[in-house]
Amino acid sequence: MILSCNHISKSFGVNTVLKDVSFHVEEREKTAIVGINGAGKSTLLKIIMNQMNADSGDVVISKGATIGYLAQHDAVSSGNTIYEEMLDTKKDVIELEARIRTLEQDMRHLQGQALTNTLETYNRLMTEFENKNGYACESEITGVLKGLGFEETEFGKQVNTLSGGQKTRVALGKLLLSRPDIILLDEPTNHLDMNSIAWLETYLQNYDGAVIIVAHDRYFLNKVVSKIVELDQSHASVFMGNYNEYARKRASIREAQMKAYLNQQQEIRHQEEVIARLKSFNREKSIRRAESREKALDKIERLDKPVEAASEMKLHLEPRILSGNDVLTVRGLSKTYGTQNLFSNLDFEIKRGEKVAIIGDNGTGKTTLLKIINQVISQDSGSFELGSKVHIGYYDQEHHVLHMEKTLFEELSDAYPALTNTQIRNVLASFLFTNDDVFKRISDLSGGERGRISLAKLMLSEANFLILDEPTNHLDITSKEILENALKQYTGTVLYVSHDRYFINETATRILELTGSTLVNYIGNYDYYLEKKDELTPIYAPGASARSVRFFSGASSSSASSQQESETKKDWKLQKEEQAKERKRQNDLKKTEERIQQLEQRDGEIDALLASPDVYSDVRKCLELNNEKFSISQELETLYELWEKLM
């Protein structure tokens, strides 16, 4: 064990973020910390790094272990070039090499014991140099920089001239090159393109230290981690396995918790009904039974209803009208910025019902292509045509479709004036904006909150062609899953740009890769793209691709239809059996209640007879009635038990 968090608790005012959080990390283990936005993931990393004090609990790190941390918005700022900045991380290796070279020069002029002593020092330093991989120092720097998306022509750029995302990549590169025993990474994939993320996955998989990652990139987590620490409702739960295994286990646990809660609620209602009915019989034994059941019911430890924060967000996407079959036709589209040619002569078509993902490296023009189609900017040449009755809904990653000076309420009421105040509040509540939150200004919202209000506007648009630019940016995993499910059920057409490979894998029916200034077409999800990208030729005929989609969709539909028919027959048979059992139970219950009423009525008649002077003076008659009363009592005891069972 190289790191241990023991009973960590942290509150900000009345808001408890972490409560009794405990977990440990083994050497070389790759661990992810997951949870919704605001669950305390970044807070926990800062506590581990001693940048923030916990209210209680402690963090124990193995003696002598080194630790490195990349926060979410960490960036390097200096007058060095990119290469010089990376080289600074290897300062100890460079200084060691300089000492070795000095000793080599000195040994030329030494003799005797002085030479022997110097040679011993030289051998010791050489061993240290080799252990630090000194010979591969420069190639290691080059490999990390290229892996993080820097071209060799960029190595000489000054760090101060870089964009924020590039500076963050330099900071990540420096951390990786320093090779601490424990690496803490907070959203490391935010500023990386797909190739760089794939490189980082491989790097971390083979890293000989421990890694703790906070990330919303589920595909990345699947590839890298073997343990998940979930922060939910201030508490921590540990799951072994990658993200998919965690998701399955979490869903199974949530389902079991909900099932246990519902079963208990059903049992409580049932017991209350039985108690009320037993009391209604108004007999000493039935009342005693009712009281006994009441005591047992009071002793039950009531389960709380399982809740999952953010799962209340309700997103339902549905077009108001049906578009034509040809949704978008693009011919010869080209765009250049200055000397940079983004793309040339792009040709593709999108048919109704398709969900098409555009992927590619940063700077290839993916967002530009969406903006052209949405008429935000103009193309240099070529054309595009929207089909019949196509109504576009646009989601912009920078949220330019939002008005920063407006409140949330004004944003929706101005965009959709036909909505009543109650309807607007209901929509905002569906996206977790309640009470005074609706009067917050857009400019004061976090990235995730702006994403939610943009999704709310998208839902209200009732568009049949959604154009989405990085829709999962700033969304936590739960919100991403809600969006995925909404898009899967959406009957319209979707064209989107995303770096979220898990999201693409779940939602895309076709992938267009923008590379080398042109598009490559893949008929399938992201796994299919990975499988086929090295085999398929760079250019595809869009018409043939569309036919393939329709062909495979048809085959799949036929198979699905057959399977559904089989399942329906099985369900119908089971339903009939259950209905027959229920009819028998109801019939038996009715007969039992009727027999109980008959016996109780006869028991009352016997009591009246025994009180009559004509009867209690007749010994034989009294004996007969007492025997009958005893028999009734025994039969009622059996019937009460049967009635409780049938109930």
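The exercises below, each with a worked solution, concern a predicted model.

**Exercise 1. Overall form**

Decide whether the chain is spread out or compact, using its radius of gyration.

Solution. Start with the content: the chain holds 20 helices and 18 strands. Next, take the globule rule, which gives 26 Å for 647 residues. The radius of gyration is 35 Å, well over that value, so the chain is more spread out than a compact globule. The spans of the C-alpha trace along the principal axes can be set beside this: about 140 × 80 × 50 Å. Two further values complete the description. Of the 647 residues, 44% are buried. Among contacts with a separation of 6 or more, 69% join residues 24 or more positions apart.

**Exercise 2. A six-stranded sheet**

Work out which strands lie at the edges of the sheet with the order 5-6-7-3-8-9.

Solution. The sheet is open, and its pairing is mixed. An edge strand pairs on one side only, and this holds for strand 5 (67-70) and strand 9 (235-240). Neighbouring strands are turned against each other by 15 degrees on average, direction ignored. Now look at one pair inside the order. Strand 6 (residues 182-186) runs parallel to its partner, strand 7 (residues 210-214), with five bridges between them. Within strand 7, valine 211 is the residue opposite isoleucine 183. Finally, add the helix: helix 1 (residues 41-48) lies across strands 3, 5, 6, 7 and 8, at about 150 degrees to strand 6.

**Exercise 3. The length of helix 15**

Check whether the end-to-end distance of helix 15 (residues 477-489) agrees with its number of residues.

Solution. Helix 15 has 13 residues. At 1.5 Å a residue, the expected span is 18 Å. The end C-alpha atoms are 19 Å apart, which agrees. As for burial, the buried residues of this helix include Ile477, Lys480, Ile482, Leu483 and Leu487.

**Exercise 4. The setting of aspartate 500**

Find where aspartate 500 lies, and state whether this residue is buried or exposed.

Solution. First, place the residue: aspartate 500 is in the loop that runs between strand 16 (493-497) and helix 16 (501-507). Then test burial. The relative accessible area of aspartate 500 is 6%, and buried means under 20%, so this residue is buried. Next, follow its side chain. A polar atom of that side chain is 3.2 Å from the backbone nitrogen of tyrosine 502. The side chain also reaches the backbone nitrogen of phenylalanine 503, at 3.0 Å. Last, leaving aside residues up to four places away in sequence, aspartate 500 touches Arg218, Thr472 and Lys480. Of these, Lys480 is a buried residue of helix 15.

Conventions:
Residues numbered from 1 in each chain as written. Predicted model: local features only at pLDDT ≥ 70, side-chain atom pairs only at ≥ 80, totals over all residues. Heavy atoms only, no water. Helix = DSSP H or I, 4+ residues; strand = E, 2+ residues; numbered from the N terminus. Expected span 1.5 Å × (residues − 1). Buried < 20%, exposed > 50% of the residue type's maximum accessible area, 1.4 Å probe, protein only. Pairing = 2+ DSSP bridges. Axes fitted to C-alpha atoms, helices over the stretch in contact; angles between N-to-C directions. Contact = heavy atoms within 4.5 Å. Polar contact = N/O pair within 3.5 Å; in protein donor to acceptor, adjacent residues only side chain to side chain. Rg over C-alpha atoms; globule rule 2.2 N^0.38 Å.
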